[in-house]
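Here are a few exercises to work through with the model open beside you. Try each one before reading its solution.

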Amino acid sequence: MRTANLSLPSRAIWLFSFFLLSVLLLTNPVRAADIEQFVGEYEGNADLIRSDGSTEPRDMSVSIEETKDGFNVSWSTTIQKPDGRIKESDYSVDFLPSGRDGIYSAAMTRNVFGHAVQLDPMKGEPYVWGRIVGDTMTVYSLFVADDGGYEMQQFDRTLADGGLMLKFSRLKNGVMERSVETFLQKQ
């Protein structure tokens, strides 16, 4: 279509329509190719290695799904204590595009306007974000302690034949506290 023969109002409408269509096509909230490859349910178990070298068996699962505006990562860890007690920890975080390629902000609470926002690490809440680089999705959690120190957790989930390789580490004030590597089978 040639715009040279259009009247000024028609040309303005055509240009606005072209601009609007371009914006809609270029601002896909999460590139489907990024998250689509990770979507699924995964399960496995591992021995968590503590800083003193001792181990603790854990059952782990993760669910990754697309959402309307981004994606959700939900994970669970079950620990069987030596005395027979079972401790289960469950987490679920929605992620939204940050405006930076491959980097996603956590949407863990709502502000007074109803918009999804990050938690406040200065209030003892975790500051969480994620990124996707190639075949690895990483989720980071930063905690600021009451004494001003910090704890940093990192979950690398890398695509592997039949599932995901999970690599978890926890640093406290720069010192490795815990780590684990295991394969999670796609269900």
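Strands (E, at least two residues) and helices (H or I, at least four) are DSSP runs, numbered from the N terminus. Two strands pair if DSSP finds at least two bridges between them.

This is a predicted model, where local features need pLDDT of at least 70 and side-chain atom pairs count only at pLDDT 80 or more, while totals for chains, interfaces and linings use all residues. Residues are numbered from 1 along each chain as its sequence is written, and side-chain values use heavy atoms, with hydrogens and water left out.

**Exercise 1.** Work out in what order the strands close into a barrel.

*Solution.* Step one: follow the pairing, which is antiparallel, through 10 strands in the order 1-2-3-4-5-8-9-10-11-12. Step two: look at the twist; neighbouring strands of this sheet are turned by 25° against each other on average, direction ignored (axes are lines fitted to C-alpha atoms, for helices over the stretch in contact, and angles run from 0 to 180 degrees between N-to-C directions). Step three: check where the order skips from 5 to 8. Strand 5 (residues 103–106) and strand 8 (residues 127–133) pair over three bridges, with Tyr104 opposite Gly130.

**Exercise 2.** Describe the surroundings of strand 3 (residues 71–80).

*Solution.* Start on one side: strand 2 (residues 55–66) is joined to strand 3 by nine bridges, and Glu66 faces Phe71. The two make a hairpin with four residues between them. Now the other side: 10 bridges link strand 3 to strand 4 (residues 86–97), and Ile79 sits opposite Lys87. That hairpin has five residues between its strands, and Gly84 in the turn has a positive phi of about 95°. Finally, seven of the 10 residues of strand 3 are buried (under 20% relative accessible area, 1.4 Å probe, protein chains only), so the strand is largely enclosed by the rest of the structure.

**Exercise 3.** Decide where the model's confidence is lowest and where it is highest.

*Solution.* Use pLDDT, the predictor's confidence in each residue, from 0 to 100. First, the overall picture: the protein averages 84, and 82% of the residues score at least 70. Next, the extremes: helix 1 (residues 8–26) is lowest at a mean of 50, and strand 10 (residues 150–160) is highest at 97. Last, zoom in on residues 18–32, where pLDDT is below 50; beyond near neighbours in sequence, this stretch has 10 contacts in the model (heavy atoms within 4.5 Å).

Notes
Buried means under 20% relative accessible area, exposed over 50%, partly exposed in between (1.4 Å probe, protein chains only).
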